[in-house]
Every structure is written in C-alpha cells, then in structure tokens.
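Let's take a friendly walk through this model, one part at a time. Keep the viewer open as you read.

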Amino acid sequence: MSSAQSIIDALCEKALHPDRTVAESCKQAGKEAVGFYLYAPEELAYAAGFLPVGIWGGSTEIKLADRYLQGFCCSIMRADIEYGMRGTYNRLRAVMLPTVCDTLKCICENWKVAVPQIPIIPVVYPQNRTLPSGEEYLREEFSRVRRELEDLAGRSVSDAELEAAFAVYETWREAMRAFTKAASTHPQTVHAKARHLIIKAGYFMDKAEHTREMTELTRLLAELPEEKCAVRAVATGLVGEPVGVLDILRENDVAIVADDLAQESRQFRVPARAEGDALSKMVWRIADQKGCPFLYEPEKTRGQKLIDLVKENEADAVITLQMKFCDPDEFDYPVYKAELEAAGIPLLYLEVEQQMDSFGQIGTRIQSLAEMLL
Amino acid sequence: MYLGIDIGSSSSKAALMDDERRILGTKIVNLGTGTKGVYEALENLYAEAGITREDVRYTVVTGYGRLLYKDADRQITEITCHARGMHFLMPRVRTVVDIGGQDSKVIRLDEDGTVRNFVMNEKCAAGTGRFLEVMARVLGCPIGELAVLAAQATQDVAISSVCTVFAESEVISQLSQGAHPNDVACGALRAVAKRVAGLCGRVGVEPEVAMSGGVALNATMVRILSEELGCGVTPAPDCQAVGAIGAALLAGEFYRKANPVETA
C-alpha cells in the first residue's frame with residue numbers, strides 16, 4: 001500500500017523527467033501526444049484520442065531560439081521554441097498555443113518556420129469572453145480546433161467522446177481542488193517544491209491516471225496530523241518556477257498554502273456549469289475564470305481574489321512570482337499591490353525567469369520576508 | 001560580548017557590543033565577500049578592544065557574503081540587520097535607504113524598529129554603488145572624490161540610460177562633447193538618486209529618512225537624494241557599520257534568549 005510520501009516522490013520524479021514520463025504515458029495509454037501551453041481546449045485533444053501534454057518551457061540554455069525570440073521575450077516561450085528547434089518535442093503530433101499575449105501572438109507565425117515538423121493549432125480567445133457574442137465566437141473557435149484535431153487523428157470526434165473527455169477533466173479538476181485544500185494543512189509533507197511538482201506531473205500524465213494518484217494522495221494526507229510552518233504564503237503569477245526559488249522557500253520554512261498561478265490552480269479552480277453540452281461548458285469555464293491577466297477582465301478582480309485566498313487559507317503573505325517580460329502579469333501588479341497594501345497583507349515581489357542560475361538576491365528577499373513575519 | 005559581521009560585495013564590516021548594548025568598536029575593511037577582508041576587520045576589532053575571539057559569546061553574520069562565513073552562530077539578512085541597527089542609532093527613522101555595492105534597498109520600519117516592508121533593486125547594477133564605481137573610473141577619480149566633483153557642478157548632465165553599461169558609453173560620449181567632469185559627476189549621482197527614489201516609491205516614504213552604507217558618506221549624494229524624494233535625508237552615524245551594529249544587537253538578543261538565567 002502506498003504512503004503519501006511514496007506517491008509524492010513518484011509524482012515529483014515524473015514532473016522532473018517530462019520526456020520519460022510522456023513516453024511512458026503514451027505507451028501505457030496507447031496514445032500519441034499533442035502539446036499545449038497555458039489555456040487550451042485539452043478535452044478536445046483527449047476526445048480525439050491524444051494525450052495532451054503541457055509545454056511550459058524549462059531551464060535550458062537558449063542557443064537556437066534567439067533567432068526568433070530575443071532576450072527580452074518571455075523565457076518560457078524562448079525555451080519552448082528552443083526545445084522545438086532542438087527536436088525535444090518531436091514526439092508531439094501538434095501543439096495548441098493560445099494567443100493571449102504579445103509574445104504568443106508572434107509565436108504562432110514563428111513556430112511554423114522555426115519548428116516546421118510540428119504543426120501548430122492556434123487558439124484565439126475572445127476579448128469579450130463573457131458576452132453572448134464572445135461565447136458564440138469561442139464555441140466556433142473550439143469547433144475549428146476540434147476539426148483540426150480530427151484531421152490530425154484521421155477520424156471524427158463524436159459528441160459522446162467529447163462528453164466523456166470533459167467528464168475525465170472535470171473529475172480531475174475536482175480532485176485537484178481537493179488536493180490543494182488538503183495540502184494547505186500539510187505544508188511540511190507538501191512543501192513548496194513538492195506541491196508544484198505534484199501538480200506539474202499532471203501535464204505529462206493521462207488525466208485519468210493523475211486523478212487516481214491525486215485522489216489517493218488527498219485521502220492519505222487527510223489521515224496525517226495537521227502541520228505547521230513558519231510562513232504560510234499564497235503564490236501568484238504565471239508559474240512557480242524555477243524550482244530553485246521553491247528550494248529557498250523550503251529552506252526558510254515558507255510554504256505555498258494556496259496559489260493563483262496560471263500553471264497551477266487557474267487550470268482547475270473554475271468548476272463547470274451544470275447546464276449545457278461539453279463544448280458550452282468549456283466555453284463557460286473560460287468565461288467564468290476571474291482574476292487571470294491572460295483573459296481580458298476590465299474589473300481587475302485579481303487583488304480581491306488574492307485577499308480571499310489569504311483569508312481562506314490563513315496565509316501570512318502573498319508572493320508574486322513575476323516571470324520576466326510577462327507583460328500581462330506586469331500590468332496587473334500595481335493594481336493588486338495597492339489592494340493588498342490596503343488590506344494590510346505583506347507582498348513579496350520576485351522577478352524570475354526559467355533560465356536563471358543565480359538565486360542570491362532572491363534568497364535574501366525570501367529570508368527577509370520570513371524574518372519580517374516571525 | 002556580541003559580534004556583528006556584515007560581509008558586503010565590496011567591503012567587510014564588524015561591530016562589537018557589550019551586555020549594556022554599548023558599541024565597543026566598529027571596523028570597516030574595503031574588501032568584500034570571498035576575500036580576507038572579514039578576517040582583517042575582525043583582527044583589527046579584537047586588537048582595538050583588547051579581546052580575543054574567545055571573549056565573544058555569540059556572533060551574527062549578515063550581508064551578501066553571510067552564507068559563506070561559517071564561524072557565526074547565526075546568519076540574518078541585511079534587511080533585518082540594517083533595520084535593527086538603524087533603529088538603535090536613530091529611533092525616529094521610519095525609512096532606511098541603503099545603497100550597497102551590489103544592490104540597493106529601501107526598508108520601512110515600524111515604531112519599534114521591526115521591518116514593515118522592504119524592496120530591493122533587481123539584478124541590474126543601476127542604482128547601486130557599482131554604478132558609481134564605474135562612473136568614477138570613467139571620470140578618472142577615486143570613488144570618494146565623486147562627491148567633491150559633483151558639489152562643484154554648475155549644472156547636471158542628464159544621464160538618460162538606466163543601464164550601467166550603456167550609461168558608461170553615454171558618459172564617455174558626454175565628456176568627448178566637452179561636458180565638464182563636475183557636471184557629469186553630478187549627473188551620475190542624480191541617475192542613482194532617481195533610481196533609488198523609484199525604489200522608495202514602491203514601498204512609500206515615511207519621514208524620517210536616513211541612509212546607511214558607504215554611499216551615505218557622499219554628502220552630495222545625500223543632498224541629491226533628498227531633492228529627488230522631496231524630504232530630508234540624514235546619513236546615519238557610522239553609516240557603513242549600521243548592518244554590523246544591527247547584527248551585534250541581534251547576537252545579544254539571541255544569546256540572552258538562549259541563556260536567560262546566565263544573563264538575568
């Protein structure tokens with residue numbers, strides 16, 4: 001019988017070796033992989049018989065990608081292009097990329113030239129995603145993506161298959177919400193790095209398999225006594241990387257007890273509406289996502305969402321993991337900073353990039369936060 | 001006795017304190033982390049105080065090189081140590097500006113000297129002592145003379161670039177076009193002051209404002225920063241040793257906490 005720690009170790013191992021994990025997952029499920037970044041209609045790919053695989057860059061030396069994305073572009077997309085050009089992603093039958101920021105808008109054309117061996121399926125989300133016209137547009141857009149995936153698979157995708165795929169994902173999202181809740185009361189067992197890697201492993205595994213592991217882990221965590229830590233923090237930003245930062249958090253006994261990260265909770269925090277078919281539910285999940293800088297929201301509710309997360313999880317502070325040159329995230333920062341200050345919630349701003357190798361100053365900032373709150 | 005050590009990127013500082021929180025001495029050596037600077041500072045400090053290493057009950061090390069120094073009982077960040085040191089020296093200070101060789105920081109303090117908030121510059125050297133070192137080299141003067149040159153300026157030469165490398169080219173270009181070195185020196189100080197004022201804006205400035213670190217010895221810099229912030233800025237007494245003094249204070253506190261009977 002598995003222990004919580006053995007499941008955690010296994011999932012961390014999977015997250016740290018994506019190439020191997022994806023190969024195993026494809027073999028186990030008898031599927032081919034389709035890559036995606038940020039928000040993409042994964043359920044469509046799953047329904048078409050593919051294994052959707054997250055491509056969130058990585059800590060690698062950029063040599064080839066400089067031809068298309070200069071040093072002042074998002075380091076995640078630089079790494080994605082680098083991996084694509086280097087052949088690391090050759091297992092992927094296609095990639096689905098959303099056009100939610102300036103870099104991603106350019107990527108779609110760059111990708112065709114830089115990585116010609118892997119077809120790209122752009123996903124263009126509507127600005128006015130909550131209006132009926134925006135929802136109608138997104139339904140059409142998802143239908144186009146569905147047709148492209150059908151062409152790739154060489155077969156049509158039935159509505160029943162899509163409903164089944166959506167159910168797999170909705171069960172996974174529910175399991176992930178339960179896990180993050182359980183993890184917040186076990187900040188030593190599920191420390192910052194483990195929490196990130198456990199969630200990240202889901203990007204390289206079949207969602208049904210990841211759901212099974214997460215459900216069991218959540219059950220086992222519930223049997224363990226609750227744990228304390230020096231600082232309980234809420235993380236916000238694009239990704240909780242590089243993992244070197246998470247190591248420093250752990251060294252200073254700072255736990256991430258909740259997150260507002262695009263790679264983590266924003267993927268599963270919005271439950272589906274009860275009504276409608278699978279395609280409508282996918283559209284509404286995008287419409288119902290609040291406080292995400294990659295989806296247009298003039299009301300700017302991110303600050304209040306962070307305040308709510310702090311209260312719900314009895315957190316001591318918010319940590320901004322600002323991916324260097326991530327414009328949408330940078331535009332949000334002054335807005336929620338002011339709101340957090342008004343609410344008396346300490347905020348630590350850390351500018352990060354995937355290819356960073358010096359953590360000295362970040363270590364000082366994290367340690368200072370811990371000293372400030374003790 | 002309690003020892004505080006602050007190992008910065010360009011200098012090493014040490015302070016000694018007794019049980020009554022009297023400063024018994026401070027020493028500064030202009031050699032930073034990875035050098036023998038800290039050992040030289042300690043040797044001088046012990047010799048001046050007439051003590052040996054065995055007389056020190058507890059040591060706290062801080063600064064950029066704190067993690068490499070293995071002879072301390074505990075390491076604490078420079079943010080906390082500068083805050084404690086400044087509150088001890090100037091209890092009415094609520095905003096601390098420390099321009100170090102490698103980074104700059106602004107610390108907001110509560111009435112009891114605890115850190116309410118802080119901000120540090122990003123990785124780039126603009127707004128740090130390193131920027132001033134580069135400017136002094138281009139102007140062909142020791143860094144200590146930048147203040148003297150700048151004080152004699154008749155006008156600022158605006159340095160528009162925020163990057164140290166580009167600013168160096170810009171200054172060379174200004175000098176080749178006939179700009180007076182005094183005016184260029186003043187422009188360099190203002191460029192740093194503007195950058196630091198920007199940092200201050202991120203945490204908010206609450207008077208009184210004081211400067212710690214070696215750059216606080218530059219009176220022209222203090223004046224220009226005061227102009228940029230629109231409020232008075234005071235250099236701390238023994239400004240270079242503020243972090244080390246804070247570390248020595250904490251050393252005493254940690255020791256007394258661990259040995260309540262002995263120190264009662």
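## A buried strand in chain B

A residue counts as buried if 20 or more other C-beta atoms lie within 10 Å of its own, with C-beta atoms placed from the backbone. Keep in mind that this is a predicted model. By that cut-off, five of the five residues of strand β4 (residues 58-62) of chain B are buried, so β4(B) is largely enclosed by the rest of the structure. In a regular strand the side chains alternate between the two faces of the sheet. Both faces of β4(B) are covered: Y58(B), V60(B) and T62(B) are buried on one side, and T59(B) and V61(B) are buried on the other.

Which strands pair with β4(B)? Strand β1 (residues 2-7) of chain B runs parallel to β4(B) and is joined to it by five bridges. Strand β5 (residues 74-75) of chain B also pairs with β4(B) in the parallel sense, over two bridges. V61(B) is a handy residue to select here: it is the bridge partner of I5(B), and it stands opposite Q75(B) in β5(B).

## Helix α2 of chain B

Next, have a look at α2 (78-89) of chain B. At 1.5 Å a residue, the 12 residues of α2(B) should span 16 Å, and the end C-alpha atoms of the helix are indeed 16 Å apart, which agrees. Is this helix enclosed or open? Because 10 of its 12 residues are buried, α2(B) is largely enclosed by the rest of the structure. The buried residues of α2(B) include E78(B), T80(B), H82(B) and R84(B), with I79(B), C81(B), A83(B) and M86(B) also among them. G85(B) and H87(B) are buried as well.

## Two domains and their contact

Chain B is divided into domain 1 (2-84 + 241-258) and domain 2 (92-235). The C-alpha centres of these two domains of chain B lie 26 Å apart. Their contact takes 13 residues from domain 1 of chain B and 14 residues from domain 2 of chain B. On the domain 1 side, α2 and α8 (242-258) of chain B each supply at least two residues. α2(B) gives the most to that side, with five residues. By class, the side of domain 1 of chain B that touches domain 2 of chain B has four nonpolar, eight polar and one charged residues.

One residue of α8(B) is worth a closer look: G243(B) lies in this helix. G243(B) is buried, with 34 other C-beta atoms within 10 Å. Leaving out residues up to four places away in sequence, G243(B) touches several residues, including E78(B), C81(B), H82(B) and G85(B), which are buried residues of α2(B). T62(B), one of the buried residues of β4(B), is another contact of G243(B), as are D6(B) and S212(B). For a distance along the chain, try T114(B): it is 129 residues from G243(B), and their C-alpha atoms are separated by 14 Å.

## Where chain B meets chain A

How many residues of chain B are in contact with chain A? There are 11 residues of chain B in contact with eight residues of chain A. α2(B) turns up again here: together with β8 (115-120) of chain B, each supplies at least two residues of the side of chain B that touches chain A. By class, that side has five nonpolar, two polar and four charged residues.

## A sheet and a loop in chain A

Over in chain A, an open sheet of four strands has the order β6-β5-β7-β8, with parallel pairing. The edge strands are β6 (254-261) and β8 (347-352) of chain A, and each pairs on one side only. Neighbouring strands of this sheet are turned by 25° against each other on average, direction ignored. Strand β5 (residues 231-237) of chain A pairs with β6(A) over seven bridges, and V234(A) stands opposite A258(A) in β6(A). Helix α14 (residues 360-373) of chain A lies across β5, β6, β7 (317-323) and β8 of chain A, running at about 170° to β8(A).

Our last stop is V157(A), found in the loop between α6 (132-153) and α7 (159-184) of chain A. V157(A) is partly exposed, with 19 other C-beta atoms within 10 Å. Leaving aside neighbours within four places in sequence, V157(A) is in contact with A47(A), A48(A), R146(A), E150(A) and L162(A). V157(A) and N313(A) are 156 residues apart in sequence and 41 Å apart in space, C-alpha to C-alpha.

Methods
Residues numbered from 1 in each chain as written. Chains lettered and ligands numbered in written order. Predicted model: local features only at pLDDT ≥ 70, side-chain atom pairs only at ≥ 80, totals over all residues. Contact = placed C-beta atoms within 7 Å. Nonpolar A, V, L, I, M, F, W, Y, C, P; charged D, E, K, R; others polar. Expected span 1.5 Å × (residues − 1). Domains from an automatic or database assignment. Pairing = 2+ DSSP bridges. Axes fitted to C-alpha atoms, helices over the stretch in contact; angles between N-to-C directions.
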